[in-house]
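Colleague: I would like a close look at one part of this model, with the terms explained as you go. Please take the ligand site and then move on to a helix.

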Amino acid sequence: MREFPGLAVREIQTYYGTSHILQGVSIDVAPGRIVTVLGRNGAGKTTLIRSIMGTTAPRAGSIRYGDAQLDGLAPYEIARRGVALVPQGRRIFPSLTVREHLDLGRRTSKRAPQANGWTLERVFETFPVLAERQKQLGITLSGGEQQMLACARALLANPTLLLMDEPSEGLAPQKVHELGVMMEELKRSGLAVLLVEQKLSFAMKYADHAYVLAKGQIAYDGSPAALANDRALLEQLLGVAPS
Ligand SMILES: Nc1ncnc2c1ncn2[C@@H]1O[C@H](COP(=O)(O)OP(=O)(O)OP(=O)(O)O)[C@@H](O)[C@H]1O
Ligand SMILES: [Mg+2]
């Protein structure tokens, strides 16, 4: 069987203690694609990300990335294989400046820079606001800017697969567009992105493929457009009317 060149999650079963959260979840993220996983609060989206990163390893099933088997590896080993995380809630440290966050991202990188790698210069070109505010504390940035900082910190590890856990969370709807430039740049850069979201319209704008996770199982696997146009399905799976 030929290896799938991207991320292949197959039939994973993930638990917290005796709570069986992910019940046979399978997803693919091909290189250079933005794939979204939507789902209500508590559907298991972060648990899926934790399963891929190895912080809550699945008890069964498999996770492969290219020719590497990720399940069973420690999180730092998974990171070395090119997977980086932009965590839910951004995790900006109150006592560190913008620049210090970025230096932290560079220092934790154990990967050799790629030909098309992310350097501090490239980060500042892509997110000029981070260059302007280098000396400020990270927490003084707006929500959208903090999300850019969290993303830039992850990019400086030069990943080939970026896991983003609800980047639009906590942003006022009219502020979500601040993240648009970031998403466009990620798309252009050829990185594979797994975009976990609750905000349908944001995810739909950038995703090439969509899954919906409901109660720990994949309830939709198809095109973002077909999902966005299916009012009944949206209400059933996400409890939202399309915007
Ligand atoms: N550390 C934990 N221990 C026990 N149960 C947990 C733990 N973390 C999450 N859960 C439970 O697992 C289920 C899935 O949670 P998860 O955080 O993956 O959801 P989510 O889809 O990311 O939700 P949200 O959109 O609110 O971030 C929920 O029922 C949650 O209460
Ligand atoms: Mg979550």
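Modeller: What follows covers the surroundings of the ligand, then one helix, then one residue elsewhere.

This is a predicted model, in which local features need pLDDT of at least 70 and side-chain atom pairs count only at pLDDT 80 or more, while totals for chains, interfaces and linings use all residues. Residues are numbered from 1 along each chain as its sequence is written, chains are lettered from A and ligands numbered from 1 in the order in which they are written, and side-chain values use heavy atoms, with hydrogens and water left out.

Ligand 1 has 13 residues around it, of which Gly42, Lys45, Thr46, Thr47 and Glu166 come nearest; a residue counts as near if one of its heavy atoms lies within 4 Å. This shell consists of 7 polar, 3 nonpolar and 3 charged residues. Here Ala, Val, Leu, Ile, Met, Phe, Trp, Tyr, Cys and Pro count as nonpolar, Asp, Glu, Lys and Arg as charged, and the others, Gly among them, as polar. Helix H1 (residues 45-53) gives the largest share of the shell, 3 residues. Helices (H or I, at least four residues) and strands (E, at least two) are DSSP runs, numbered from the N terminus.

Polar contacts are pairs of N or O atoms within 3.5 Å; within protein, one must be able to donate a hydrogen and the other to accept it, and residues adjacent in sequence count only if both atoms are side-chain atoms. An N or O atom in the side chain of Lys45 is 2.7 Å from an oxygen atom of ligand 1. For a polar side-chain atom of Glu166 the distance to a ligand oxygen is 2.8 Å, and for an N or O atom in the side chain of Gln198 it is 2.9 Å.

In helix H10 (residues 231-238), Leu233, Leu234, Leu237 and Leu238 are buried. Buried means under 20% relative accessible area, exposed over 50%, and partly exposed in between (1.4 Å probe, protein chains only). The face of H10 turned away from its buried side carries the exposed residues Ala232 and Gln236. Just after H10, Gly239 takes a positive phi of about 70°.

Thr126 is in helix H4 (residues 120-126). Thr126 is buried, its relative accessible area being 13%. Its side chain reaches the backbone oxygen of Arg122 at 2.7 Å. Apart from neighbours within four places in sequence, Thr126 is in contact (heavy atoms within 4.5 Å) with Trp118, Val181 and Glu185.
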